[in-house]
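Subject: The structure, and what was found in it

Hello,

I am handing over the structure below, so that you can look through it at your own pace. Please keep it open beside this message while you read the notes that follow.

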Amino acid sequence: KLAKLEKLQLGPEKLKELEKAVARRYEQWQRQAGPLRRRLVRLNDLLEGVVQATNFPFEGASNMTLRYAAGMARTFRSTFNKTVYQDPALFTPIGQSDQMLESKVNQSFNADSNGVATLAAGTTPCFRDGTLVVMGSWERRLERVGEQVVYENDIDFAGDYPNAEAAGISEERYDELMAQFLSDPDPMVVAEYNYDNVEYDGPEYEIIPLAKFVFYPSYAQEIRRMELYGRQYSLSVQEVKTRAKRHRYYADSAVRLFGEERDGQGAQAFTGDSMGNEWDRAKNFIEGLVPRTGDDERPTEFIDFVLRHDLDGDGIPEKYMGTFATEKKILMCAYSYRLKRGVDFCVAFRFVKREGRFLGASLLGDGEDLFNQMDTIHRHRNNVRMIATSPVFVGNEKYKEQIDLSRGENVFRPGLTFWVSDTKNAIEQIIIQNLDQPGNSLDE
């Protein structure tokens with residue numbers, strides 16, 4: 001984890017070179033992957049059943065969706081996960097068989113971590129995007145907990161607390177407790193204490209949405225061939241300041257991000273620098289979440305990156321990792337890449353792999369036209385039926401005041417009566433023929 005590594009201590013020129021190297025590749029990815037990100041948002045809207053409100057060809061026209069894409073994705077996920085992940089021996093070593101190694105890897109991935117659960121959760125994103133990127137890291141989480149122990153005899157108490165120093169109390173108080181065990185026929189001493197419990201210490205896996213996976217160059221066929229890759233995310237102002245106080249960033253970079261000091265009044269107020277990326281905005285809309293707009297809530301975009309760059313000029317590129325603020329193009333921190341043999345901590349999965357390309361084919365994208373066509377047919381049929389079954393009239397102009405159906409008192413209701421002098425020529429209903437083959441069961 002970045003928080004546990006020692007930041008690279010380089011001169012300002014070398015840090016500037018690293019910063020420019022990340023910024024240049026990130027800007028290239030932004031330009032090249034723009035159409036891809038918009039397509040991914042569109043496919044996600046299709047999967048989630050998001051439809052645009054429409055008044056075409058008339059006010060209140062149908063914009064229903066069959067959610068057929070969602071049904072296909074859920075059926076595929078259920079069948080695929082049941083078939084692939086039911087066997088606990090998911091991995092087998094390449095080359096010479098090693099039963100002990102195979103057993104340990106599968107035990108770690110299946111039972112000791114969230115590996116299989118992450119892959120199972122990634123079936124739908126891979127069906128939608130065509131490429132699933134899974135990131136692995138070692139996580140150690142601590143939590144401060146409190147417990148209490150009840151002692152009913154001096155032997156158990158002295159076994160845990162042989163003296164006052166071990167008990168964390170004064171000598172007088174310790175002697176009082178020991179005397180209580182001897183004098184009280186039913187002694188009971190309650191010891192309360194706090195300690196740091198290791199909640200989890202092991203590998204943890206996380207899905208990186210393809211729309212937030214930064215990679216350059218775009219023609220690289222594998223992650224290990226990429227000059228830059230990483231995960232894009234956003235933090236609130238308070239989260240950024242907290243990380244800066246914990247020295248997660250270079251001090252100079254934090255100052256540049258927060259703003260320069262002015263006239264001894266402290267740093268310029270830092271209020272974030274973006275309203276979130278297009279993918280996050282679309283997700284928030286689907287989930288009904290209010291966009292973050294307050295000064296302390298506006299997100300700042302970062303990427304945790306891995307960079308291949310020849311910083312020492314010997315012709316052999318080195319691997320670095322770090323954090324980069326994308327809006328202001330600031331290198332927040334950098335580290336040497338420490339994984340054994342430079343193995344990448346991200347792995348890509350695809351159902352359909354294109355030859356010579358990193359991105360796989362989207363199964364949802366393959367059926368996008370068909371899914372939209374089915375929605376269009378049903379919307380058109382609903383619109384035709386609404387028009388064909390709605391009453392339309394032709395009226396004599398001289399009875400317009402008596403038979404004005406747009407007036408509230410003339411809205412059709414049981415017992416409504418119009419008084420006119422000529423009932424035959426006052427108003428006539430137009431019959432609109434439905435040409436959509438309503439009696440054809442196969443067409444339905």
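Where is the place of Asp175? Asp175 sits in helix H8, and please keep in mind for this and everything below that the model is a predicted one. With a relative accessible area of 47%, Asp175 counts as partly exposed, because that value falls between the 20% under which a residue is called buried and the 50% over which it is called exposed. If you then look for Lys340, which is 165 residues apart from Asp175 along the chain, you will find that the C-alpha atoms of the two are separated by 56 Å.

Helix H8 also holds Glu176 and Arg173, which lie three residues apart, or about one turn of the helix. Their side chains meet in a salt bridge, with 3.3 Å from N to O. Both partners are partly exposed, Glu176 at a relative accessible area of 47% and Arg173 at 41%.

After helix H8, which covers residues 171-183, the loop leading to strand E2 (189-208) contains Asp186. This residue is exposed, with a relative accessible area of 65%, and together with Glu152, Asp156 and Asp160 Asp186 makes up a patch of negative charge on the surface.

Now to the salt bridges more generally, of which the structure holds 15. As background, side chains of opposite charge can pair when their charged atoms come close. One of these pairs is Asp196 with Arg144, whose closest N and O atoms are 2.2 Å apart. Asp196 belongs to strand E2 and Arg144 to strand E1 (residues 132-151), so the salt bridge ties together parts that are 52 residues apart in sequence. Asp196 is partly exposed, with a relative accessible area of 43%, whereas Arg144, at 63% relative accessibility, counts as exposed.

Another salt bridge is formed by Asp304 and Arg231, and here the closest N and O atoms are 3.3 Å apart. This pair links distant parts of the chain, since Asp304 lies in strand E5 (residues 300-309) and Arg231 in strand E4 (residues 228-235), 73 residues apart. Asp304 is buried, because its relative accessible area is 17% and the cut-off for that word is under 20%. Elsewhere, Lys16, Glu19 and Arg256 are joined into one network by salt bridges that share partners.

Strand E4 also contains Gln232. Is Gln232 buried or exposed? With a relative accessible area of 7%, Gln232 is buried, and its side chain makes a polar contact of 3.2 Å with the side chain of Tyr26.

Finally, please turn to a surface patch of another kind. Ile387, Val392, Val394, Ile430 and Ile432 make a nonpolar patch of about 350 Å² on the surface. Among these residues, Ile387 lies in helix H13 (residues 368-389), and Ile387 is partly exposed, with a relative accessible area of 37%.

If you would like a route through the structure, you could begin in helix H8 with Asp175, go on to the salt bridge between Glu176 and Arg173, and then move to Asp186 in the loop that follows. From there, strand E2 takes you to Asp196 and across to Arg144 in strand E1.

With best wishes

Methods:
Residues numbered from 1 in each chain as written. Predicted model: local features only at pLDDT ≥ 70, side-chain atom pairs only at ≥ 80, totals over all residues. Heavy atoms only, no water. Patch = residues over 30% accessible without salt bridge, like charges linked within 9 Å, V, L, I, M, F, W, Y side chains within 5 Å. Areas by Shrake-Rupley, 256 points an atom, 1.4 Å probe, with all protein chains shown as cover. Salt bridge = Lys/Arg side-chain N within 4 Å of Asp/Glu carboxyl O. Lys, Arg positive; Asp, Glu negative; His and termini not counted. Charge placed at Lys NZ, Arg CZ, Asp CG, Glu CD. Helix = DSSP H or I, 4+ residues; strand = E, 2+ residues; numbered from the N terminus. Buried < 20%, exposed > 50% of the residue type's maximum accessible area, 1.4 Å probe, protein only. Polar contact = N/O pair within 3.5 Å; in protein donor to acceptor, adjacent residues only side chain to side chain.
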